[in-house]
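Visitor: I would like to learn how to read the way two chains are arranged and how they meet. Could you walk me through it?

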2 protein chains.
Amino acid sequence: MAGHERTNCLSRFFAPRAVAIIGATDDTTRFGGRLLRQTLKFGFAGRLFPVNPKRAELWGLPCFPSLADVPETPDHVGIVLQTGKVIDALRECHARGVPYATVFTAGFAETGTAEGRAMQAAIAAFARESGMRVMGPNCYGVINFNDRFAMTASSSLAPELARPGNVAVVSQSGGLGTVNVMWRAMQAGVRVNYVASTGNEADLDAAECATFMLEAPSTEVLMMAIEGIKDGDAFMRMAERAAQLGKPAVVLKFGRTQAGARAAASHTGAMTGSDEVFDAVCRQFGMIRVSDANELYETAIMLRGKRLPRGRRIASLSLSGGNVVQIADVGEQLGLEWPAYGEDTRRRLAEILPTYGTPTNPTDITSLASGQRDLLKRALDAIASDANVDVMAPVFTFPKAAELDQIVQLAQTIDKPVVAIVTGACLEDEAYGVERIVGKGVPAYREISTAMSAIRAAAGYGEFLRGFRRRDTLRRPSGISTAPTPAFPLEGREQGLTERASKQLLARYGVPVTPDMLARSADEALAHARTIGFPVVLKIDSPDIAHKTDAGGVRLHLASEAAVRAAFDEILAAARSYNAAAQVNGVIVAPMAAPGLELMLGSLVDSTFGPVVAVGLGGIHAEVLRDIAYRAAPVDRIEAQAMLHELKAFRLFEGVRGERPRDIAAIADAIERLSWLAHDFRDEISEIDVNPLVAYERGVLALDALVVRTTERETK
Amino acid sequence: MAGHERTNCLSRFFAPRAVAIIGATDDTTRFGGRLLRQTLKFGFAGRLFPVNPKRAELWGLPCFPSLADVPETPDHVGIVLQTGKVIDALRECHARGVPYATVFTAGFAETGTAEGRAMQAAIAAFARESGMRVMGPNCYGVINFNDRFAMTASSSLAPELARPGNVAVVSQSGGLGTVNVMWRAMQAGVRVNYVASTGNEADLDAAECATFMLEAPSTEVLMMAIEGIKDGDAFMRMAERAAQLGKPAVVLKFGRTQAGARAAASHTGAMTGSDEVFDAVCRQFGMIRVSDANELYETAIMLRGKRLPRGRRIASLSLSGGNVVQIADVGEQLGLEWPAYGEDTRRRLAEILPTYGTPTNPTDITSLASGQRDLLKRALDAIASDANVDVMAPVFTFPKAAELDQIVQLAQTIDKPVVAIVTGACLEDEAYGVERIVGKGVPAYREISTAMSAIRAAAGYGEFLRGFRRRDTLRRPSGISTAPTPAFPLEGREQGLTERASKQLLARYGVPVTPDMLARSADEALAHARTIGFPVVLKIDSPDIAHKTDAGGVRLHLASEAAVRAAFDEILAAARSYNAAAQVNGVIVAPMAAPGLELMLGSLVDSTFGPVVAVGLGGIHAEVLRDIAYRAAPVDRIEAQAMLHELKAFRLFEGVRGERPRDIAAIADAIERLSWLAHDFRDEISEIDVNPLVAYERGVLALDALVVRTTERETK
C-alpha cells in the first residue's frame, strides 16, 4: 500500500486534545455556526480553534485565517466548506500533521452524479494514500459524553443530558441517529457514552467506529443504524469482537426492501447486499436485529448491566388479571417459558395468599393484595429466589411509589434480571415513570409486548454467548483432497461445470455424491450399469447442455440391459436434436438412488459478505416459500445444524407424519464441507447448486450438482 | 323460552335515570366505597341511591336499608356483596322491577371451583328466566362519557378526562380495559364515549355491549379486549353489523397460546376456541386484530374521522434522510405502495426545490429546506393534491410549532388522511407533542413502524369495506340435491362414513368426485374397469377400515384386465388378514386420476364459531407448515378465493416454476359447496376431510374423502 501506515486507534479522534473547525462562523443559520456553538456549549475542555479568513474572533474565541496559522496541531479537524473545497482542506490538514478530520459537507456520492462520486473517490484515495483518517463526507460528526467532546450540528444535544453512560450509538444517518436513537434513548432514561454519524463513509466506516466503542470499557451495549455495509469482512470482524467481549450489538438496517434500497442510495450513497444474508450474519455473530429505531434503545435497556437471564424461564405477577393473561400469551408466543414455581416458592406464596389454592405462573394476585401492604413485596421476594426462574417481569397498572421503589431495590439486589412493566402510571407521583426506573439502571417498559421482546432478545443473546464461547476455531474438515485432477483446481473455460465435474469437486471436499461413470458407447454404458447394479440412471454429459431434462438427456429407472442400451441411443439423439453444436463428452451412468428427503444445498457470493452457504428443502420450499437458511462461509458443524433448526420445515428432519428421521449430522457435515469449498474458491466460483441432496435415515447423497464459475465481470 | 321477553336495548343500562348501589359504603379501602365515590365524582346527573342497612347517610346522600326502601325504581343497580348473597340481591332487583344490574363481586366461575361455577350458572339462569339483564359477575362496570355516568371502581377515571369522544371500549378484563386501553388511549389524546368491562359474562357479553356501542351515533371506532367468546354466532352478527355501519372494530384477543388460555380460564373463566379460526373470522368480517393493548388505540387513532385512505398509495417527506429510508422500508414491507408523483406535483416540487433533480417518493428535502421558511408547507401542499397519493405521512424530527400547525391544518382541510410522525419533539414547546395533535383529531405517531401499521390497517379496512359492500346475500350454490338416498340424509351408525358414502355426499353438493363404482366380485370389478377405461384404481370399501393403505386395501395404476382381477383378490385377502371381523362392502373401482396440484379441503366444527371450512395444499403444507386458510361456513365464492390468496403457497396456483396455472374458480366453487355442506350438517358432521382434492388447469377432482359423524358426546 502506498503512503503511510494507517492508524486504527480512534482514541484521539473521539477524544482530541485540540480541535479546529474550518468554516466556523457565528451565523447560526449556517451549519458552521451551529457546529461551533454546539461544540462550545457542550463544554469541550481542550483547545478549540475556529478557522475562517473573514473573522478575527467568534464568540470570544480567536479565529484563524487558515489552519497553518493555528498555534498547535489539532488532533481532529472539522470541515464545513463548499463541496469543491473539501479536498484541498484535507490536504492542508495532512500538511499540518493532523491525524483525523470530519467532513460535514454534503454533495458527494449521495447526489448520484458522476461529479459527486468522483469527489468522494478523491477523498477516499487521499485518506488511503496519506494515512489520515477521514469521517464523512455528508455526516453529522461525533459526540463523546465521557470526555465531553461533541463536534456535531445536531440540535438534539442539550448539555444537561451530558451525563456519560454505557450505551454507544453508531449511525450512518445523522438525523435518525441523533434524534430517533440518541435523543429518544436519553428521554427513555438511557445514558449514552459515544455517538458517531458516519455519513457516506469515504474512509472511516460504521464497523470501525463500532469497534472503537466496543473496546471502550464504559460501553455495555452498542446500537447501530446502518443503510449499507462498506466492508463485509470488517463488519463481521467487528461483530465477532463484540461477541468475544460479550457486548451485545443491536442493529437496525435500512434498505431491506427495494423502496428502502433506492432511498438509501440517494441518502448516503449506500448500496445494500441481500437482506437474507445480512439476517444470517446477524444470527451467526449474535447481533440483535430490530425493525425500527425505538427498538434499538428498548432492547438496550434490557441488555445493560451485564445481567443476562440464564435461560428463558420467566415469572410474572400482577394485580390485574387481564395483564396476567396478556403476558402469558405474549411470553409463550415469543418462545419464553412459564415454569411452575418450586416447592419452596409455592409454600411461601401459599402463606402470603392463603385463600389462593396452588399459585400458577404468571400469578394473578388480584384483589387479594388490597389491604395487605407488603403482600406484593413478599410475593416478589418468594419468586425472586426460585431456582426455576431466570427472569422476573411483574406488571403494574397504577402502582404506588413505594411499590416501584420495592421493585427497583429488588432489581438492584438480586443476581437475575428484574423488569418492571407499568402499563398505567404512578398516579401519586407522575414523574415516577418508567424513564426514572430506567435511569436507575433497571429495565422498565410501558408495553408488555415491548418488554417481552426485549427479554426474549436478552435470553437469546445469552444462549448465543454460551454457544459462542464453546466454539472452536474454525477448522477445515478432514478428508479434503487438494491433489490436482482435471476438475481441480478449476480448469476449462465453460461458465457452468458439467454435473460430473461439479460432483468431482464436491467429492474432493468430502460431500457424498453418486458414483457416476462416463460412458462413450452403449457397450460401455452397459458395462458400467453391471458394475453399479440395476436399476441405473443415464444422463447426458455436455458442457453445453445445462438443462439436461429439457434436452431429453435424462432417463431414470433403467432396470434391464435392453433399457440401458435403448436409453443411451435415445439420449445422444435427443441431445443432437436439442443442440447440434453441443460438445458431448458421453453419457453418465449412475445408480438409481433410493427416495429420501430432497434438500437444496448451495452457495453464492454476496456482494457484501462474500461466499455464503445456503440450505433448504427442495422444490417449492426454497423457490416459492423462501424457506432457506444462509450463513457466511465457512461454518462449523454446530452452525450448520443451527441452519437446519432455523428452517420452518425443520420438523420434517425429525420424522413427522410417520416418516423416518433424517441424518442431521450427515446433512450438517455436507453443509460444513460445501461452505469450505465456497470459501476456498470465493474468487473462482460464483454459485454452487446441489439439487437434490437427498437425506436418508443414515447419510446423504448429492444426485445432481452445478458449479458456476465467476465471470470476468463479476470479479472485483 | 320461559320467563319474560328479554330486552336487547341497553340504552338505560348505559344511561340510567336512577341508580342504586347495593353494598355502598364510605370506606374507600373497600370496593363499595371506591365505587360510590367514583360514581359521585364523575358527576352523575341522575338520582343515586346507596343501599346499606348499616348506614343512614353516605357523603351527604341518604342511604337506604334495602332496595325496597329506595324511593323510585332504579334503571340500573350495582351489586357489591359477598359472593353468596348476590343471587338474592338480583331477585330483590327483579321484584322491584329493575331492568339492569351489574355484579362487581368476584368468586364465581373464575375460581375454577364447582361452587363458583354453580353460583354463576344460577345468575345466568336467573337472567334467562326473569328477563332481567345482568352484567358480570367479576367485572369493573361501565362508563358513559356522553351522559356522564360511571359505575366503576377503576381509579383510572379522573373527571377532567371526561370530555366525550368517538372511540368505544369493550373489555372482559376490567384492569386491562380501563388502564392499558382506556386510560392510555386518553393519555394519547384519544377521546372515549363508552367503556364496558363484562367480566365473567353470565348474561350480558362483550358482543352485545359492542353492538350497543356500534349503534350509538357518536361511536366511530370500537376497541375490544377479549379473553373468550361466549356466543360465536352473536359475535359474528356484531362483527357483521359493524361492517354494515362501516365502523371498524379493533380487537385484542388473549388466550392465543396454551399459557394464555390457562391464564384466561383462571381469570374470567373464559374458554377459547381455535386461534386460527378466530383470526379467520376477523378477516371475514373486517375486524382488525392486534397483539397488545396499546395497538388498540394506536390503530383507532388512524381510524377515527371517517376518512379512510382510498388505496395503499402513500407519500412521505422529511428533512431527515435516514427517516426517509426507514419509512420507505417499513412501508414496502407492510405492503403499502410508494407511487411516483404526478407530473403537476413534480413540476411544483421542482420549483420549490430547484437544485433537486427529479423528486422521488418518499422525498428527502434535507438541508435544502433550511432558510426557506415555507418550503415544507409548499411541498406538502403540492403532494397533497396529487391524485396518485391516497395518504400522506411526513416525518419530523425536531419540528417547529408552526410546522406542526401547518400539518394539522392540512389534515383538517383535505379529504385524504394526513398522518404526522414526530420521532423527536417540538423543542420550542415541549407540550406540543403527538398527543396534542391526536387531541385535535389528526393521527400522529412517534414511531414510523407504528404509524405505518396503523395506515396499513386503515387501508386494509377500506379494501374490506369496498368488498363487503359488493357482497351479495349468501346464497346456496345451484345444483345441490337434497333428494333422499341411502347416504343422504346421513344414515347408519358408523362414526366415519366410507369413502364411497362420503363422496356421494360431496357429489350431492356438487363437489366433483371420481365416478367410483362398487364391485362385489372380480368379474364386476373388471366390468366396471372396462366402463371407466384403463388404468384404474381399486380400493377396499369397508366401514371398519379407515386407513385403507395401511390395510393393503389400495392398488393404483391397474392397466390390464389381469391386473384388475389379481388386485381384487389381493385386496380382499389383505383386508381379511388386517381385520377379520371387518364388514366388507366390496371393492371400489375408480379411474386413475391424472396428476395435478394436491389440495386438502375440509371442514371442522369450532367450539366457538361452529362449522368452519378449511383449505390448504396437501402433504406437509397443511400438517407441518400449518399453511391453512379457514372461514366460518358458509362462504361465497369471493371469500373462497380470498382464502386461496391467503395461503403462503398461493403462487403455486398461478403456475410458478413452469407449472401450469390451476383452476382457481373451480377450487373456490368446491370450497363454497363444501362450506354449505358443513353448514347444513353442522349438528351431524364433526369433520370432513377431502384429501386430496386435485386441482387441474381446468377443474378439480376429489380423489378421497372422509366424513366423520358427530358423536353423542360432541353434540351440545
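Guide: Gladly! In this predicted model, a turn of 180° and a shift of 0.1 Å along the axis lay chain B on chain A with an RMSD of 0.1 Å. The two copies are thus related as by a two-fold rotation axis.

Visitor: Which residue of chain B comes closest to the rotation axis?

Guide: That is H621(B), whose C-alpha lies 4.8 Å from the axis.

Visitor: And how do I read the size of an interface?

Guide: It is often given as the accessible area lost when the parts come together. Here the area buried between chain B and chain A is about 5,000 Å², with carbon and sulfur atoms giving 57% of it. In terms of residues, 64 of chain B are in contact with 64 of chain A.

Visitor: Why do the copies meet through the same surface?

Guide: Because 100% of the interface residues of chain B are also interface residues in chain A.

Visitor: How many polar contacts and salt bridges cross the interface of chain B and chain A?

Guide: There are 28 residue pairs in polar contact, counting pairs with both residues at pLDDT 80 or more, and 2 salt bridges. One salt bridge joins E447(B) to R184(A), with their closest N and O atoms 2.5 Å apart.

Visitor: Which elements of chain B supply the side that touches chain A?

Guide: Several supply at least two residues each, including helix 5 (174–187), strand 13 (249–253) and helix 16 (448–470). Helix 11 of chain B gives the largest share, 11 residues. By residue type, this side of chain B divides into 26 nonpolar, 24 polar and 14 charged.

Note on methods
Residues numbered from 1 in each chain as written. Chains lettered and ligands numbered in written order. Predicted model: local features only at pLDDT ≥ 70, side-chain atom pairs only at ≥ 80, totals over all residues. Heavy atoms only, no water. Contact = heavy atoms within 4.5 Å. Buried area = accessible area lost by both parts, 1.4 Å probe. Salt bridge = Lys/Arg side-chain N within 4 Å of Asp/Glu carboxyl O. Polar contact = N/O pair within 3.5 Å; in protein donor to acceptor, adjacent residues only side chain to side chain. Helix = DSSP H or I, 4+ residues; strand = E, 2+ residues; numbered from the N terminus. Nonpolar A, V, L, I, M, F, W, Y, C, P; charged D, E, K, R; others polar. Least-squares fit on C-alpha atoms with pLDDT ≥ 70 in both.
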